[in-house]
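Here are my notes on this one, jotted down while clicking through it. Have the viewer open as you read.

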Amino acid sequence: WLSGAATPERASIALESAWRQLVREDDKLVLLFTPPFDKSRRNPGYIKGYPPGVRENGGQYTHGSLWLAMAMARKGDGDRAARLLRLMNPIEQTKESENVWRYRVEPYVVTADVYHLQGRVGQGGWSWYTGSAAWMYRVWLEEILGFRLEGERLQLDPVIPGWWDGFTLTYRYGEAAYSIEVQNPDHVERGVHSIEMDGRLLEDGIVLLKSDPVKHRVRLVLGEESS
């Protein structure tokens, strides 16, 4: 879905297959692939050097697993995109004391990998040494909250779980502060009905940023596009 190489129909089939095969909600894991390499005759490379279910060899390799959440968001499936991100959130891994001992790494750091190895399912791998943290931040901010910044142009296009009532965020641009409120009265996952700044409707949906010492108020309502 991310590359645009497949038709929407085939991309949807691929995403559904990935959800069924790779997402293990009971174990709070999003696997890179399955089954892992073990005793195969052909050598896939260095990943076979890891035990089955560890790191790239069929474990949760967070860097790649986050792209599944990104693809779900691009498809417009805000519910499953957010569910995937919560599965990979270390805080969600360590809510109960028994899970803290299972996870075994810092509950405030995104790990490069989480094991799917028998006897060590859910144990975190490398922490403090992964670009996954930046990817997780970007997927939450840009794909779920829909905060897309290009120079002085800000576009908002959220893809959120339908049960969310909305959300708020504040963005500082130079001396200015932009207080953004997103409302979801119809409990949809995607679709901008209207967006206004300081009480003025933005016809093109683009917020033009200015570094003035002013607090601007941006209000976006999700729903069907207004005609």
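1. Start at the strand 9 and strand 10 contact: Glu-196 sits across from Leu-201 of strand 10. Keep in mind that we are looking at a predicted model. The two strands run antiparallel and share two bridges. They make a hairpin with two residues in between, and in that turn Asp-198 has a positive phi of about 50°.

2. On to the partnership of strand 9 with strand 12. Strand 9 covers residues 192–197, strand 12 covers residues 215–222, and they pair antiparallel over five bridges. Two of the matches to look at: Ile-195 has Leu-220 as its bridge partner, and Met-197 is opposite Val-218.

3. Where do strand 9 and strand 12 fit in the open sheet? The sheet has five strands, ordered 7-8-12-9-10, with mixed pairing. Strand 7 and strand 10 (200–201) are the edges, each pairing on one side only.

4. Val-218 turns up again in the largest nonpolar core, which has 48 residues. Val-218 is among the members that touch the most others, along with Leu-84, Ile-144, Leu-156, Tyr-178, Ile-180 and Val-207. The top contributor is helix 2 (residues 62–75), with seven residues.

5. Leu-84 is a good residue to centre the view on. Leaving aside residues up to four places away in sequence, Leu-84 touches Trp-19, Val-23, Val-30, Leu-68, Ala-69 and Met-72. Of these, Leu-68, Ala-69 and Met-72 are buried residues of helix 2. Trp-19 also has a charged visitor: Arg-80 lies over the face of its ring, 4.9 Å from the centre.

6. Is helix 2 mostly covered or mostly open? Mostly covered, with ten of its 14 residues buried. Besides the three just mentioned, the buried ones include Thr-62, Gly-64 and Ser-65. The length checks out too: at 1.5 Å a residue, the 14 residues should span 20 Å, and the end C-alpha atoms are 20 Å apart, so the two agree. Just past the helix, Gly-76 adopts a positive phi of about 100°.

7. Now the rings. Searching the whole structure gives nine aromatic pairs. One of them is Phe-33 with Phe-37, edge-to-face at 5.6 Å centre to centre and 65° between the planes. Phe-33 is partly exposed at 21% relative accessible area, and Phe-37 is partly exposed as well, at 30% relative accessibility.

8. Phe-147 and Tyr-171 are another edge-to-face pair, with centres 5.1 Å apart and 65° between the planes. Phe-147 is in strand 5 (residues 147–150) and Tyr-171 is in strand 7 (residues 166–173), so this pair ties together parts 24 residues apart in sequence. Both rings belong to buried residues because their relative accessibility falls under the 20% cut-off: Phe-147 is at 7% and Tyr-171 is at 19%. Ring pairs also bring in Tyr-173, giving a cluster of Phe-147, Tyr-171 and Tyr-173.

9. One last thing to click on is a second arginine placed over a tryptophan. Arg-55 lies over the face of Trp-126, at 4.1 Å from the ring centre.

How values were computed
Residues are numbered from 1 along each chain as its sequence is written. This is a predicted model: local features need pLDDT of at least 70, side-chain atom pairs count only at pLDDT 80 or more; totals for chains, interfaces and linings use all residues. Side-chain values use heavy atoms; hydrogens and water are left out. Rings of Phe, Tyr and Trp (its six-membered ring) pair if their centres lie within 6.5 Å; planes under 30 degrees apart count as stacked, over 60 as edge-to-face and the rest as tilted. Buried means under 20% relative accessible area, exposed over 50%, partly exposed in between (1.4 Å probe, protein chains only). Helices (H or I, at least four residues) and strands (E, at least two) are DSSP runs, numbered from the N terminus. A charge sits over a ring if NZ of Lys or CZ of Arg is within 6 Å of the ring centre and within 35 degrees of the ring normal. Two strands pair if DSSP finds at least two bridges between them. A nonpolar core is a set of buried Ala, Val, Leu, Ile, Met, Phe, Trp, Tyr and Cys residues joined through side-chain atoms within 4.5 Å. Contact means heavy atoms within 4.5 Å. The expected span of a helix is 1.5 Å times one less than its number of residues.
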